[in-house]
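Trainee: Hi, could you walk me through this structure? I'm new to it.
Mentor: Sure, let's put it on screen and take it topic by topic.

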Amino acid sequence: MNRFLDSPVESQHFIWIASYLDGTFLSEFSYDSQKENSFYSIEKEKLIRFGLIGYGMNFYYEVFGGTFKLVGQMVEVFYKTDEKEYYLTGQQQMYKDVIQYKDAEAIIDPQIPSGNMDSTITQYNFGYKQNLQIDDVNFNFKPICHIPYGGRPIYLSLKISADKDLNGRLCVRKNGLTTEEFDAPLQANVAGILNWELTM
């Protein structure tokens with residue numbers, strides 16, 4: 001197994017990793033020293049891929065075009081009306097406004113005054129936000145991949161808004177085939193969110 005698909009630290013099962021055009025990368029924790037690197041030190045101008053690695057798996061998106069690659073499955077998203085299709089991924093531009101965060105929970109014992117509070121990561125999250133001018137419509141698109149613990153499925157939250165009313169469907173394409181379509185009428189400048197489960 002490639003060691004660069006596993007976390008170099010025991011405290012986190014997944015870490016973020018930024019891959020650059022010159023073949024180098026920056027990981028949340030360095031593989032040689034286990035030193036933590038700042039998310040804000042990512043060089044966005046050189047970025048070609050961003051995502052999470054752990055347990056021998058990788059989850060990432062291609063910065064050019066914004067297409068997701070989730071454990072070997074390519075995921076694309078588009079919005080379709082009766083008149084046309086608006087591709088939210090696959091545009092010929094750099095989707096470099098990267099996002100990553102972790103959900104965690106902590107249990108406090110009220111019987112122990114000023115005791116240590118241990119937190120546990122319950123979900124890892126990454127994605128991006130992007131403004132897209134497609135033909136006569138301006139979209140704001142924010143897809144986030146969520147990797148939860150506890151046997152719950154991996155899913156994408158797809159947040160979308162447009163600057164005009166649209167009566168259409170949000171479509172997800174996996175490995176080149178449109179797998180699902182969801183009715184998603186949009187009111188101008190009002191965001192909607194859809195959660196889509198990834199089937200392995």
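**Salt bridges, rings and cores**

Mentor: Let's start with K84 and D135, whose side chains meet in a salt bridge (3.5 Å, N to O). That term stands for a side-chain nitrogen of Lys or Arg within 4 Å of a carboxyl oxygen of Asp or Glu. This is a predicted model, where local features need pLDDT of at least 70, side-chain atom pairs count only at pLDDT 80 or more, and totals for chains, interfaces and linings use all residues. Residues are numbered from 1 along each chain as its sequence is written, and side-chain values use heavy atoms, with hydrogens and water left out.

Trainee: Where do K84 and D135 lie?
Mentor: K84 is in the loop between β6 and β7 and D135 in the loop between β10 (130–134) and β11, so the pair ties together parts that are 51 residues apart in sequence. Strands here are DSSP runs (E, at least two residues), numbered from the N terminus.

Trainee: Is D135 buried or exposed?
Mentor: D135 counts as exposed, at 56% relative accessibility, whereas K84 is partly exposed at 29%. Buried means under 20% relative accessible area, exposed means over 50%, and partly exposed is in between (1.4 Å probe, protein chains only).

Trainee: What does K164 pair with?
Mentor: K164 forms a salt bridge with D136, with the closest N and O atoms 3.4 Å apart. K164 lies in the loop between β12 (155–162) and β13 (169–174), and D136 in the loop between β10 and β11, so parts 28 residues apart in sequence are tied together. Elsewhere, D22, E43 and K46 are joined into one network by salt bridges that share partners.

Trainee: How many salt bridges are there in the whole structure?
Mentor: A search finds 11. One of them joins E45 and K96, with their closest N and O atoms 3.0 Å apart.

Trainee: Back to K46. Which ring does its charged end sit over?
Mentor: The ring of Y20, with the charged end 4.9 Å from the ring centre. To count, NZ of Lys or CZ of Arg must be within 6 Å of the ring centre and within 35 degrees of the ring normal.

Trainee: OK, rings then. How many aromatic pairs are there?
Mentor: The count is 18. Rings of Phe, Tyr and Trp (its six-membered ring) pair if their centres lie within 6.5 Å; planes under 30 degrees apart count as stacked, over 60 as edge-to-face and the rest as tilted. For F25 and Y31, the centres are 6.4 Å apart and the planes at 80°, so the pair is edge-to-face. Y61 and Y128 have centres 4.5 Å apart and planes at 45°, so that pair is tilted.

Trainee: Which strands hold Y61 and Y128?
Mentor: Y61 is in strand β4 (residues 57–62) and Y128 in strand β9 (residues 119–128), 67 residues apart. Y61 is buried at 0% relative accessibility, and Y128 is buried at 0% too. Both belong to one aromatic cluster with F68, Y95, F126 and F141.

Trainee: What about the largest nonpolar core? Which residues touch the most other members?
Mentor: F50, L88 and F139 do, out of its 46 residues. A nonpolar core is a set of buried Ala, Val, Leu, Ile, Met, Phe, Trp, Tyr and Cys residues joined through side-chain atoms within 4.5 Å. Strand β11 (residues 137–148) gives the most to this core, with five residues.

Trainee: And is there another core, and what is in it?
Mentor: Apart from the largest core lies another, of six residues, among them V9, I15, F29 and Y31.

Conventions
Helix = DSSP H or I, 4+ residues; strand = E, 2+ residues; numbered from the N terminus.
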